[in-house]
Amino acid sequence: MIVAANFKTNMTRKRTAAYLKELERRLAESGMEQQVMVFPPSTALDSFEGKVLVGAQNAYAAQNGAFTGEIGLDQLDEFGIDTILIGHSERRHVLGESQEEIAKKYAFYKEQGFNIVYCIGEPLEIREEGNDALMDYLDAQLVGIDLSYEKLVIAYEPVWAIGTGLTPSNVDIELLHTALRHKIERPLLYGGSVKVNNALEIMALANVDGVLVGGASLDVNGFFSMVEDAQKCDS
Ligand code: PEP
């Protein structure tokens with residue numbers, strides 16, 4: 001199982017360091033072997049040691065250059081960061097990233113050998129149009145993405161479930177993940193209002209290989225309990 005935390009624009013450099021120290025302590029004490037990833041804001045990136053894969057929430061598809069406000073490969077390399085989140089719905093819908101730009105980032109960081117968590121997910125109006133519309137929408141978010149890349153992890157995150165407290169039913173999550181499994185052999189995470197009280201049942205579903213957690217990851221106690229849930233699902 002993979003349990004991943006997306007801090008978004010939350011936490012500071014100091015709080016992130018304290019969080020990771022505590023998380024590493026608990027992981028070491030428990031001896032659990034789950035894959036844990038944390039995506040802090042870019043100002044909190046550093047050379048962290050331990051089991052947790054610390055990654056960037058975003059970066060530009062360039063080594064360096066005239067891209068004001070962005071970070072590139074040089075800035076990630078400085079801290080040994082080799083993991084990135086690409087295609088998150090907030091970048092697609094709030095910040096207006098196009099599929100073309102997203103695919104460019106994917107190709108660039110794939111070429112650099114990064115672990116890539118690649119997010120897809122539909123808005124509510126698409127889901128309401130039915131299954132064909134939903135699958136077509138997700139397929140369009142996979143255009144230009146090499147699904148055979150061995151360091152790819154897919155996160156399915158319905159836009160209407162992110163930060164809202166709403167989730168698809170367990171049956172719907174399982175159906176969707178099973179449909180994705182037919183095209184994608186890489187790990188499939190579910191994301192969107194995963195909390196301490198639903199993480200276990202979601203991770204127990206067929207073809208769910210872990211979770212990507214936003215709001216509920218900000219509390220290290222809650223996040224660690226989701227790692228423990230992952231361990232239960234694996235044993
Ligand atoms: C996310 O943004 O990746 C996410 C899943 O958010 P939340 O858990 O807060 O819905």
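Colleague: In this predicted model, how far is a polar side-chain atom of His88 from an oxygen atom of the ligand?
Modeller: His88 is listed among the closest residues to the ligand, along with Lys8, Glu157, Gly163 and Ser193. The atom to look at on His88 is a polar one in its side chain, and its partner is a ligand oxygen. That pair is separated by 2.7 Å.

Colleague: How much of the ligand's own accessible area does the protein cover?
Modeller: Start from the ligand on its own, which has 290 Å² of accessible area. The share of that area covered by the protein is 98%.

Colleague: Which residue puts a backbone N or O atom 2.8 Å from an oxygen atom of the ligand?
Modeller: Glu157 also has an atom 2.8 Å from a ligand oxygen, but there it is a polar side-chain atom. For the backbone version, with an N or O atom at 2.8 Å from a ligand oxygen, the residue is Gly215.

Colleague: By class, how many charged residues does the shell around the ligand have?
Modeller: The ligand is surrounded by 14 residues. Four of the shell residues are nonpolar and eight are polar. The charged ones number two.

Colleague: Is Lys8 buried or exposed?
Modeller: Lys8 sits in the loop between S1 and H1, and its phi is positive, near 55 degrees, though it isn't a glycine. The cut-off for burial is under 20% relative accessible area. Lys8 comes in at 19%, so it counts as buried.

Colleague: What is the phi of Met11, about?
Modeller: Met11 is in the loop between S1 and H1, and its 14% relative accessibility is why it counts as buried. It isn't a glycine, yet its phi is positive, at about 75 degrees.

Colleague: Which side chain makes a polar contact with the side chain of Lys105?
Modeller: Lys105 belongs to helix H4, and at 7% relative accessibility it counts as buried. Leaving out residues up to four places away in sequence, Lys105 touches Asn58, Ala59, Ala61, Ile86, Arg91 and Glu97. The side-chain polar contact, at 2.7 Å, is with Glu97.

Colleague: How far does helix H4 reach from its first C-alpha to its last?
Modeller: H4 covers residues 99–111, which makes 13 residues. At 1.5 Å a residue the expected reach is 18 Å. The model is close to that, with a reach of 18 Å.

Colleague: Which strands do the buried residues of H4 pack against?
Modeller: The buried set in H4 is Gln99, Ile102, Ala103, Lys105, Tyr106, Phe108 and Tyr109. Their helix partners are H2, H3 and H6. On the strand side, they pack against S4, S5 and S6.

Colleague: Which residue with a positive phi follows H4?
Modeller: H4 runs over residues 99–111. The residue that follows the helix has a phi near 80 degrees, and that residue is Gly113.

Colleague: Which helices do the buried residues of H9 pack against?
Modeller: H9 spans residues 220–234, and its buried residues include Val220, Phe223, Phe224 and Met226. The strands they pack against are S1, S2 and S8. The helices are H1 and H8.

Colleague: What separation do the C-alpha atoms of Met1 and Gly210 have?
Modeller: Met1 is in the segment before S1. Leaving aside neighbours within four places in sequence, its contacts include Asp209, Gly210 and, from the H9 stretch, Ala230. Met1 and Gly210 are 209 residues apart along the chain, but their C-alpha atoms are separated by 4.8 Å.

Note on methods
Residues numbered from 1 in each chain as written. Predicted model: local features only at pLDDT ≥ 70, side-chain atom pairs only at ≥ 80, totals over all residues. Heavy atoms only, no water. Helix = DSSP H or I, 4+ residues; strand = E, 2+ residues; numbered from the N terminus. Expected span 1.5 Å × (residues − 1). Buried < 20%, exposed > 50% of the residue type's maximum accessible area, 1.4 Å probe, protein only. Contact = heavy atoms within 4.5 Å. Near = heavy atom within 4 Å. Polar contact = N/O pair within 3.5 Å; in protein donor to acceptor, adjacent residues only side chain to side chain. Areas by Shrake-Rupley, 256 points an atom, 1.4 Å probe, with all protein chains shown as cover. Nonpolar A, V, L, I, M, F, W, Y, C, P; charged D, E, K, R; others polar.
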